[in-house]
Amino acid sequence: MVDETAPESTRLRIRREASGAVEWFRSHWNTSRRFRLGGYAVGGLVALYAVLWATILRGLPSADSLLTYQPPLPTMVRGVNGEIVYSYARERRVQLRFVDFPKPVINAFLSAEDKTFWTHGGVDYTGLAGAVVDYVTKIGSGERAKGGSTITQQVAKNILIGDEYSIGRKFKEMVLAGRIESVLNKQQILELYLNEIPLGRQSFGVEAASLAYFGKDVDQLSLSEAAFLAILPKAPERYGRAKYAQQAIERRNWVLDQMVSNGWATRAEADAAKAQPLGIIPRRVDSYDPSNGYFVEEVRRRLVEKYGENADKGPNSVYAGGLWVRTSLDPELQKATEQALRAALLRYHGGQGWKGPIDHIDITEDKWLGAFVAANHSIRYEDWKIGIVISRDGPRATIGFADGSTAPLTGLPAAIKAGDVTAASPAGNAWTVRAIPEVSGGMLFQDASSGRVLAMQGGFDPGLGDFNRATQAQRQPGSTIKPFVYGTGLDFGMTPATMVPDQSFCVYQGAKYGQKCFRNFGGAGGSGVHTMRWGLEQSRNLMTVHIANDTGMDRVAKTIERVGIGKYEPYLAFALGAGDTTVAQMVNAYSALANNGVQFTQSLIDYVQDRNGKVIWRGDNRRCDKCNMAEWDGKPMPRFAPRGKEVMDPRTAFQVVHMLEGVVTRGTAVVLSDLGVPLFGKTGTSSGPTNVWFVGGNQDIVGGVYLGFDQPRSLGGYAQGGTMAAPIFKQVVQATKPRWSKLPFVAPRGIHMVKIDRIGGKQVFGGAASNEGKSPVIWEAFKAEAELREASREDKLKEQRDALVAAVRRARKADEPAAEAAPKQEAGGDFVEQQGGVY
């Protein structure tokens with residue numbers, strides 16, 4: 001177009017020259033055949049480029065994205081000692097820098113895949129021509145053409161555009177390869193390739209494959225092993241299988257010969273490598289301690305909730321974000337916890353035999369593997385495995401396993417049938433059926449001074465199901481809730497020496513139910529009047545309901561809620577543990593007792609780092625702005641703000657702990673008394689009995705455990721917390737004895753230790769006191785304002801207190817005139833069952 005604003009002479013000259021060019025082009029087009037062919041060729045190229053741009057090039061990703069590319073990486077979990085205890089991964093991936101790859105490994109891959117890598121610009125046109133010939137010869141055969149892709153093209157395929165088999169994809173590779181070469185240097189490209197190439201066995205990258213096939217790092221590989229890994233890009237799921245071993249050896253030897261011809265290995269080195277067997281190890285699972293299963297699964301749940309599961313949920317997802325997670329897991333304590341709970345479950349199960357399948361899957365004999373693998377059942381106990389009964393014919397049966405193997409199955413229960421999933425263990429040339437305990441339970445330990453969970457076991461084995469009974473099972477806690485009832489009484493004027501009636505206690509439940517009466521364990525009646533301490537040590541129900549009633553059940557319910565056990569209505573049945581709670585909640589509540597009334601938020605994760613090491617979340621988020629001063633400013637040293645929340649009067653918490661020490665030395669948990677370390681704790685047995693409990697510990701570590709059926713039913717009339725649950729706790733302490741301090745519990749300010757008569761509760765002025773066993777004179781903890789300095793003073797106060805309590809009881813009875821007219825029913829057992837009562 002001519003610019004109309006230009007001078008007239010200029011416009012005339014432009015028009016004259018343009019007109020001359022058109023005439024020249026028309027003249028040559030009409031007179032020269034060669035010119036016309038050249039024009040057609042140029043037009044064709046322009047049209048072809050337009051088509052390619054519209055169909056292929058327009059949507060290509062930017063090669064610049066490789067500068068900031070972050071590969072999907074697994075999340076690594078560390079324990080309290082910093083050692084890796086687990087990895088959340090669906091693929092094997094380990095990232096290395098270019099300098100970390102040994103030269104023989106690099107040269108083996110270049111010899112196998114791209115020997116001109118260091119000299120070409122992204123595309124090897126000689127190799128591409130060979131690939132085109134291969135493609136043409138295989139048209140219509142159904143076979144896939146191979147070769148022609150340089151390492152740079154493979155980086156484009158693996159990271160940017162995917163593995164679609166088409167000519168269009170090959171063009172995209174070529175274009176992107178040129179762009180990649182202009183953005184990254186050769187070392188960066190090779191680093192991406194060696195870290196991302198899929199090599200079978202769910203391995204991506206050479207380091208991951210080295211671990212998967214040989215169980216060693218790349219810097220430990222022999223020349224023969226390096227050459228084997230280099231053949232895998234061609235057929236990663238083929239060469240790693242035993243039945244293709246000869247083909248793999250031939251291909252490996254070809255790579256070794258290529259290395260010699262390229263000058264990257266001597267003939268002697270290659271011949272020595274050829275003489276080596278492949279040396280591939282069987283497929284292996286990660287060698288993490290299986291006892292950590294429930295703990296790391298609970299950590300995974302919390303991470304997924306916070307960061308998402310896959311890359312589409314954000315850069316810090318659990319299975320792609322490459323997070324580093326420091327947890328509070330104590331491997332030694334965790335191992336002991338798993339072993340103790342498993343032993344108890346097997347002990348209870350005893351010789352009861354096979355109770356039914358773990359699962360049942362409808363299968364046909366020749367199509368069982370896929371359905372069984374999808375069910376994802378496993379077990380890590382001794383030499384046991386989980387399998388599925390493929391067939392049964394009378395006394396003969398066949399079992400199949402997740403690796404596709406089968407074997408004869410012996411020890412057949414009458415009820416077992418095809419499709420049943422069961423545990424089994426080797427027995428000569430066959431396998432024999434094993435019984436998984438039907439009873440289950442949960443156990444958890446935590447640091448009382450921080451709330452950090454040290455160990456947890458949520459059942460027999462996490463491979464049988466991810467339901468964690470330590471954190472998720474809602475169970476009646478039984479008498480383990482009583483310390484908080486007694487603590488409420490201490491808050492409102494009682495002392496450990498207060499005399500409480502162990503006598504019948506009845507409440508009016510309306511015209512329909514009439515008057516119902518509480519009973520002690522086993523339906524026993526009362527035994528007179530005793531000290532509060534004795535009532536807690538012996539777990540007397542009647543004394544507990546008297547304390548709850550005299551203190552006010554609404555106050556007791558508030559205490560129970562404040563320590564995090566649960567929110568319950570102010571009914572007396574809840575004072576005996578009728579409400580539901582979890583092991584984790586009970587342990588955290590007892591931690592407040594051990595920590596003089598201060599409770600911490602329960603935690604499993606200390607902090608989370610992203611793939612670059614930056615801390616993106618921490619459990620302890622307190623600030624200390626002056627902690628990093630270059631020099632001391634002469635002022636008081638900076639301190640972190642205190643953590644935790646005071647949920648109980650420190651003096652009350654200590655008094656309760658002091659009484660609970662008596663539960664261990666002479667009460668319902670006396671089985672623990674020979675351990676030789678200061679312990680406090682409480683047993684519990686819920687009605688039925690359906691659950692047996694123990695919760696306790698020392699100033700540092702507090703733990704809890706329950707046993708029961710998932711669908712609650714009676715454990716048997718003999719079942720009690722002191723005989724079934726406390727021994728589990730004992731086994732853990734015995735296995736980790738050095739961890740348990742021998743230092744006594746430290747009383748907070750405001751507590752006075754007074755010598756009293758253990759039975760009568762009166763102050764004693766002479767003689768020696770001891771809290772051991774059946775000592776008649778003991779040291780008792782009193783709040784300063786309640787200390788009994790004289791025996792006469794104590795008697796007087798006792799009379800006043802008894803008169804006050806009697807007046808309160810008379811007033812309450814006056815408010816319920818209907819109760820007097822109602823028929824008297826001594827139906828303690830009835831009441832317990834109807835109200836969810838506990839022992």
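Me: Which helix holds Gln334, and is Gln334 buried or exposed?
Reply: In this predicted model, Gln334 lies in helix H13, residues 331–349. Its contacts beyond four places in sequence include Ser291, Asn292 and Phe295, and also Ala455, Met456 and Gln457. The relative accessibility of Gln334 is 0%, so the residue in H13 counts as buried.

Me: Which strands are the edges of the five-stranded open sheet?
Reply: The order of the sheet is E13-E12-E24-E23-E22, with antiparallel pairing. Neighbouring strands are turned by 5° against each other on average, direction ignored. The strands that pair on one side only are E13 (453–457) and E22 (680–685).

Me: What is the bridge partner of Ser440 in E24?
Reply: Strand E12 covers residues 440–447 and strand E24 covers residues 701–708. The two run antiparallel and are joined by eight bridges. The partner of Ser440 is Gly708.

Me: At what angle does helix H21 run to E23?
Reply: H21 comprises residues 721–735 and lies across E12, E22, E23 and E24. Strand E23 itself covers residues 692–697. The angle between H21 and E23 is about 40°.

Me: Where is the cis peptide bond at Pro689, and what is its omega?
Reply: Most peptide bonds are trans. Pro689 is found in the loop between E22 and E23. The cis bond joins Gly688 and Pro689, with omega at about -10°.

Me: Which helix gives the largest share of the largest nonpolar core?
Reply: This core has 124 residues, and those with the most contacts inside it include Leu303, Phe484 and Tyr590. Leu303 touches Thr75, Tyr88 and Ile605, among others. Nine residues, the largest share of the core, come from helix H19 (583–594).

Me: How many residues are in the second, separate core?
Reply: Among its members are Ala212, Ala227 and Ala265. Met259 also belongs to this core, and is one of the buried residues of H10. The second core has 50 residues.

Me: Why does the length of helix H10 agree with the expected span?
Reply: H10 has 17 residues, 245–261, and at 1.5 Å a residue these should span 24 Å. The span agrees because the end C-alpha atoms are apart by 24 Å.

Me: Which helices do the buried residues of H10 pack against?
Reply: The buried residues of H10 include Ala248, Arg252, Leu256 and Val260. In an α-helix, residues three or four places apart point the same way. The packing partners are H3 (103–113), H9 (223–231) and H11 (267–274).

Me: Is Asn376 buried or exposed?
Reply: Most residues other than glycine have a negative phi. Asn376 is not a glycine, yet its phi is positive, about 55°. This residue lies in the loop between H14 (369–375) and E7 (385–393). Its relative accessibility is 62%, so Asn376 counts as exposed.

Me: Is Ser539 buried or exposed?
Reply: Ser539 has a positive phi near 55° and is a residue other than glycine. Its loop runs between H16 (532–537) and H17 (541–551). With a relative accessible area of 10%, Ser539 is buried.

Me: What percentage of the residues in the chain is buried?
Reply: There are 24 helices and 26 strands in the chain. Its accessible surface comes to about 39900 Å², with 52% belonging to carbon and sulfur atoms. Of the 839 residues, the buried share is 48%.

Notes:
Residues numbered from 1 in each chain as written. Predicted model: local features only at pLDDT ≥ 70, side-chain atom pairs only at ≥ 80, totals over all residues. Heavy atoms only, no water. Helix = DSSP H or I, 4+ residues; strand = E, 2+ residues; numbered from the N terminus. Expected span 1.5 Å × (residues − 1). Buried < 20%, exposed > 50% of the residue type's maximum accessible area, 1.4 Å probe, protein only. Contact = heavy atoms within 4.5 Å. Core = buried A, V, L, I, M, F, W, Y, C linked by side-chain atoms within 4.5 Å. Pairing = 2+ DSSP bridges. Axes fitted to C-alpha atoms, helices over the stretch in contact; angles between N-to-C directions. Areas by Shrake-Rupley, 256 points an atom, 1.4 Å probe, with all protein chains shown as cover.
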